[in-house]
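Open the structure in a viewer and keep the sequence beside it. This tour says what to select at each stop and what is found there.

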Protein chains: 2
Amino acid sequence: MTTSTHETEITADPDIPLVRITREFDAPPEKVFRAHTDPELVARWLGPRRHEMRVEHYDCRTGGSYRYLHVSDGNEFAFHGCFHEVRPSELIVQTFTFEGFPDDVALERLVFEDLGDGRTRLTSTSLVDSFEGRDAFLAGGMEDGVRQGYERLDELLAG
Amino acid sequence: MTTSTHETEITADPDIPLVRITREFDAPPEKVFRAHTDPELVARWLGPRRHEMRVEHYDCRTGGSYRYLHVSDGNEFAFHGCFHEVRPSELIVQTFTFEGFPDDVALERLVFEDLGDGRTRLTSTSLVDSFEGRDAFLAGGMEDGVRQGYERLDELLAG
């Protein structure tokens with residue numbers, strides 16, 4: 001099985017401080033969803049290749065929470081949030097903070113759409129409370145990290 | 001001690017889909033904060049007077065979650081969310097959904113500001129992902145419920 005290289009579309013909404021990320025995967029929604037909820041799987045793809053991910057806790061259910069670190073060249077970057085709602089194979093609504101900017105909180109919504117033939121479209125939106133914060137996030141090189149993460153997820157799903 | 005009648009300011013942000021609510025209380029931040037985190041106290045003031053509040057769970061700590069019902073004339077209205085961050089006497093960041101509209105999620109931030117002399121300013125913001133949703137929420141009579149709730153909180157703090 002060859003690893004596909006679907007395009008990751010990342011767009012800034014013109015009207016509200018939101019980023020929208022769309023990506024297709026050659027795996028059914030159940031499998032893509034599980035790669036987002038099982039911490040052992042999440043740790044194998046979330047983030048850029050050069051980072052090692054250390055999960056402190058990752059309780060992906062409605063009312064649960066998470067905290068993890070990305071470690072790179074001895075530097076640690078910590079992230080945390082809570083899971084507002086988790087609907088199996090359909091939806092995850094969660095919050096997200098990079099602890100380097102502890103007062104910045106994003107509300108994230110991940111929608112898993114069944115495209116048939118074992119394919120899934122994942123649409124992820126990230127809402128923050130200012131256009132400045134949103135645009136700084138986009139300018140900070142997050143796009144490469146997202147694309148690399150999804151390439152790693154392709155490899156995991158193909159494995 | 002007389003119950004004060006501070007004004008509740010409710011404003012719709014012109015640039016982003018956010019509602020901002022500001023209210024002063026004649027009590028120190030520690031006391032106003034505790035009335036937001038102790039479920040037995042929350043149940044005595046949150047919402048309009050005509051509603052009875054039934055707390056299913058209310059675990060107000062970073063990574064916790066809540067679900068409660070407002071009961072009025074035999075009708076039940078359920079709400080749930082998770083607590084992204086709770087900093088004692090300073091800050092609560094949480095999510096909020098009225099289960100009648102289960103796909104609508106608000107990101108709420110409550111800031112407790114010490115004004116000295118045993119007084120507190122509470123600024124609460126509620127961020128959603130569309131202006132239509134925000135304006136429908138405002139048009140739905142939430143303002144009366146918020147004002148009544150804060151009058152009840154005045155009474156609780158004075159008691």
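## Stop 1: where the chains meet

Select the residues at the contact of the two chains: chain B brings 29 residues and chain A brings 29 residues. Keep in mind throughout that this is a predicted model.

How is the size of such a contact put into a number? The size of an interface is often given as the accessible area lost when the parts come together. Between chain B and chain A the buried area is about 2100 Å², with 59% of that area given by carbon and sulfur atoms.

Next, look for charged pairs that cross from one chain to the other. Two salt bridges are counted between chain B and chain A. To see a salt bridge between the chains, select A:Asp103 and B:Arg87, whose closest N and O atoms are 2.6 Å apart. Polar contacts can be shown as well: eight residue pairs, both at pLDDT 80 or more, are in polar contact across the interface of chain B and chain A.

Which strands of chain B each supply at least two residues of the side that touches chain A? Colour strand 5 (75–87), strand 6 (91–98) and strand 7 (106–116) of chain B to see them. Strand 5 of chain B supplies the largest share of that side, seven residues. Sorted by class, the side of chain B that touches chain A has 15 nonpolar, eight polar and six charged residues.

## Stop 2: salt bridges within chain B

Over all chains, the count comes to 34 salt bridges. A few of them are worth selecting by hand.

Begin with B:Glu24 and B:Arg121, whose side chains form a salt bridge at 3.6 Å, N to O. What does this pair tie together? B:Glu24 belongs to strand 2 (residues 18–25) of chain B and B:Arg121 to strand 8 (residues 119–127) of chain B, so the salt bridge ties together parts that are 97 residues apart in sequence. B:Glu24 is partly exposed, at 22% relative accessibility. B:Arg121 is also partly exposed, and its relative accessible area is 26%.

Move on to B:Arg54 and B:Glu52. They form a salt bridge in which the closest N and O atoms are 3.7 Å apart. B:Arg54 has 36% relative accessibility and counts as partly exposed. For B:Glu52 the relative accessible area is 43%, so B:Glu52 is partly exposed.

Now select B:Glu56 and B:Arg67, which meet in a salt bridge at 2.6 Å, N to O. Here strand 3 (residues 52–58) of chain B holds B:Glu56 and strand 4 (residues 65–72) of chain B holds B:Arg67, so the pair ties together parts that are 11 residues apart in sequence. B:Glu56 is partly exposed, with 48% relative accessible area, and B:Arg67 is partly exposed, with 22%.

Before leaving the salt bridges, switch to chain A and select A:Glu24, A:Glu113, A:Arg119 and A:Arg121. Salt bridges with shared partners join these residues into one network.

## Stop 3: the two domains of chain A

Stay on chain A and colour its two parts separately: domain 1 covers 9–128 and domain 2 covers 130–159. Taken over C-alpha atoms, the centres of domain 1 and domain 2 of chain A are separated by 10 Å.

To show where these domains touch, select 29 residues of domain 1 of chain A and the 19 residues of domain 2 of chain A that they contact. The area buried between domain 1 and domain 2 of chain A is about 2300 Å², and carbon and sulfur atoms give 64% of that area. Which residues of domain 1 of chain A lose the most area to domain 2 of chain A? They are A:Ile10, A:Trp45 and A:Arg49, which together account for 29% of what that side buries.

Charged pairs are found here too, with three salt bridges across the interface of domain 1 and domain 2 of chain A. Separately, select A:Arg23 and A:Asp154 to see their side chains meet in a salt bridge at 2.8 Å, N to O. The count of residue pairs in polar contact between domain 1 and domain 2 of chain A is 10, both residues being at pLDDT 80 or more.

Finish with the elements of chain A that give two or more residues to the side of domain 1 that touches domain 2: strand 1 (9–12), strand 2 (18–25), helix 1 (29–37) and strand 8 (119–127). Strand 2 of chain A gives the most, five residues. By class, that side of domain 1 of chain A has 19 nonpolar, four polar and six charged residues.

Technical notes
Residues are numbered from 1 along each chain as its sequence is written. Chains are lettered from A and ligands numbered from 1 in the order in which they are written. This is a predicted model: local features need pLDDT of at least 70, side-chain atom pairs count only at pLDDT 80 or more; totals for chains, interfaces and linings use all residues. Side-chain values use heavy atoms; hydrogens and water are left out. Contact means heavy atoms within 4.5 Å. Buried area is the accessible area (1.4 Å probe) that two parts lose on being put together, summed over both. A salt bridge is a side-chain nitrogen of Lys or Arg within 4 Å of a carboxyl oxygen of Asp or Glu. A polar contact is a pair of N or O atoms within 3.5 Å; within protein, one must be able to donate a hydrogen and the other to accept it, and residues adjacent in sequence count only if both atoms are side-chain atoms. Helices (H or I, at least four residues) and strands (E, at least two) are DSSP runs, numbered from the N terminus. Ala, Val, Leu, Ile, Met, Phe, Trp, Tyr, Cys and Pro count as nonpolar, Asp, Glu, Lys and Arg as charged, and the others, Gly among them, as polar. Buried means under 20% relative accessible area, exposed over 50%, partly exposed in between (1.4 Å probe, protein chains only). Domain bounds come from an automatic or database domain assignment.
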